[in-house]
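Subject: Structure for you to look at

Dear colleague,

I am handing over the structure we spoke about, with some notes on what came out of going through it. Please have the sequence and the coordinates open while you read.

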Amino acid sequence: MMYLDAFVHSPFWHSPQVWHALFITTSAGVVSAVVGVFIVLRGQSFAGHILTDVGATGASASFLFSINSWYGFLSFGLLAGAGMEALGKRTRGRDTATGLVLSFFMGLGALFLFLDTRVSNTADVTMSVLFGSVFTADPNTTPWLIGTSAATLLVVAAIYRPLLICSIDAEWAQARGIPVRWVGLLFMLAFVVAAEDSALAMGALLSTAFLMGPAAAGVRIAHRIGAAIGISALLAVMAAWLGVGLAYASYNWPPAGRGYPCSFLIADILFMEYLGAGMAARWRAHIRRLGGKRCT
Amino acid sequence: MHMMGVLDTLHLWLLPSGLLTTLYMWHAYVCGTIVALTATLVGYFVVLRGVAFMAHSLPKIGFAGVAGATVLQVPPLVGLLTFNLLGGLVMSTLSRRGRRDVVTALTLVLALGAGELFLTLGQAYGETAYALLFGQIVGISGPQVGQTLAVGLVTTGLWMILYRPLLFVTVARDQALARGVRERLLDNLFAILVGLVCVMTVPVVGALLGFSLLIGPVATASLVTRRGVHTLLLAGALGLAAIWLALLLAYDSGWPVGFFATTIIVLEYKVVYIGRWVKTRRALAI
């Protein structure tokens, strides 16, 4: 009871930065978790990589013009998404050309980050673009982030069935008269928002954790897609809140008493959730096998 | 008179004052040369075996290694060697078990996150992070040149020993297995080879841009020729040209060398690609 009291009255809940961090990570986490299940189904994990890396270049550029970095992430992400749509099936993970174009954008991002430090004299831009900074994020970003995340969830809900059919078997979807191209386009839009939201929350380099972690865990545990999406979203919210809480608590942790980075903590929690999901799936299969033996 | 002006400008641009008398530029040129040549040697097999993913991820693991070394206050080389060699072995084991997708992606994220944590704990913000991720030529010290040379020699030696069996197992796997080539050992040794190259590339061009140096020149060369020796020679020349020009431009402008290196490498690829396309179009038209 004493602990509960201390928990409720902790200064944690009275800090506006904490609330912004909670809102940002939760909305980014939920939208990535939901979109992520479809990414896993469609096998597009490499595309997420492209979107966030190019988005990071945009974010680096945005600091140069002192625009909110979220616009940089989103605009360059949309460009990258449009580029991938235009190239169509030619974007493949193994493709050397794609890798080279990607590293070209990273190089450009390096230049922008370098110029940022020259212009604004804030050396921490590199860290905040690549590794995220939920506690110091611009408060004006939060409503936009929540709004786009909610809109994206609505879009995914609206095209849920056709999207599911397209993701599982595009030819069958075509035969059933589903406008595959339009569904793909809408999904790409949702994908861009999810990737860039999670890049803002986690940093461009760690955003893969939100895009892949909860979804992969959800797909491992659940057999039905609806359940997988639910579990995935739940795991993402858990990781977000636990991560922000631990990051807040870590300010007097050893060895340095300097606080652990929030994105690092969330990424670690997501990884553990993924491992836990694997164990749960194996355990359930084991139980089922035992049950099967008893029946026969 | 006008001609002289142009020549003077060109001279100033190609040989800016202090380029050859500044010690760190000499260090950078020596390191850049070693890195470009060894990256070509190993990149040849990376492209041939289609393991671009490994080339993409090992430098990121190396980033965590250097960051960890700054916290523990041991030489960066120790951190790089430990993390890259271990990381290479883990990745080759994971990929053998056919698990390169989610687990590998999440493991990489963990490595990057650990690097972030180490940087925070070491209070080495901003500039250190930037240098580790995108490279830095100003900071290359004399001992670092020696280390790069030593690692480069080891890499080249290992490459020479591995060349024939690795080529055999890559080109004709079944035959090689039938002849008793030990594939698992070769896989692991190859991962160590890639790890060693990343040890050299991370301090010079950074963790995020080393990939282009490893893949780019070889990919460009293999657009032109199919013969192994020609590919290696051409790729070596392209890589050297890229890194030398990038160092010069970086010195001229004060901008980061990694930006110039990747841009030049991608430009080389695009120019050759378009050139080949035009040639085939013309051949078809006739």
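I would begin at the loop that joins helix 3 (45-64) to helix 4 of chain A, where S66(A) lies. Please bear in mind throughout that this is a predicted model. The phi angle of S66(A) is near 40 degrees, a positive value in a residue that is not glycine, and since S66(A) has 10 C-beta neighbours inside 10 Å, it counts as exposed. Most residues other than glycine have a negative phi.

Chain B offers a further case, namely Q73(B), which is placed in the loop between helix 3 (52-72) and helix 4 (76-96) of that chain. Phi of Q73(B) is near 55 degrees, again a positive value outside glycine, and Q73(B) counts as exposed because it has 7 C-beta neighbours inside 10 Å.

Returning to chain A, helix 4 spans residues 69-87 and contains M84(A). Is M84(A) buried or exposed? It counts as buried, because 20 C-beta neighbours lie inside 10 Å, and 20 is the number from which a residue is called buried. From M84(A) to V129(A) there are 45 residues in sequence and, from C-alpha to C-alpha, 23 Å in space.

As to the chain as a whole, chain A has 13 helices and zero strands. Its C-alpha atoms fill a box of roughly 70 × 60 × 35 Å along the principal axes, and its radius of gyration of 20 Å agrees with the value near 19 Å for a compact globule of 296 residues. Of these 296 residues, 50% count as buried. Among the contacts in chain A with a separation of 6 or more, 73% are between residues 24 or more positions apart.

Two helices were examined individually. The 15 residues of helix 11 of chain A should span 21 Å at 1.5 Å a residue, and the end C-alpha atoms are 22 Å apart, which agrees; 13 of these 15 residues are buried, so helix 11 is largely enclosed by the rest of the structure. For helix 5 of chain B (residues 102-121), the 20 residues should span 28 Å, and the end C-alpha atoms are indeed 28 Å apart. Since 16 of its 20 residues are buried, helix 5 of chain B is likewise largely enclosed by the rest of the structure.

Next comes the contact of the two chains, which takes 39 residues from chain A and 39 residues from chain B. On the side of chain A that touches chain B, the elements giving two or more residues are helix 5 (96-120), helix 6 (125-131), helix 11 (207-221) and helix 13 (262-295). Helix 5 of chain A gives the most to that side, with 13 residues, and the residues of that side divide into 26 nonpolar, nine polar and four charged.

Finally, the largest nonpolar core has 187 residues, and those with the most contacts inside it are A209(A), I266(A), A55(B), V194(B), I215(B) and A261(B). Helix 2 (residues 16-42) of chain A gives the most to this core, with 14 residues. If you wish to inspect one residue there, I215(B) is in contact with T96(A), G99(A) and L100(A) from chain A, and with G43(B), V46(B), V47(B), A52(B) and A55(B) from chain B, leaving aside its neighbours within four places in sequence.

With best wishes

Methods:
Residues numbered from 1 in each chain as written. Chains lettered and ligands numbered in written order. Predicted model: local features only at pLDDT ≥ 70, side-chain atom pairs only at ≥ 80, totals over all residues. Core = buried A, V, L, I, M, F, W, Y, C linked by C-beta atoms within 7 Å. Buried ≥ 20, exposed ≤ 12 C-beta atoms within 10 Å, placed from the backbone. Helix = DSSP H or I, 4+ residues; strand = E, 2+ residues; numbered from the N terminus. Contact = placed C-beta atoms within 7 Å. Nonpolar A, V, L, I, M, F, W, Y, C, P; charged D, E, K, R; others polar. Rg over C-alpha atoms; globule rule 2.2 N^0.38 Å. Expected span 1.5 Å × (residues − 1).
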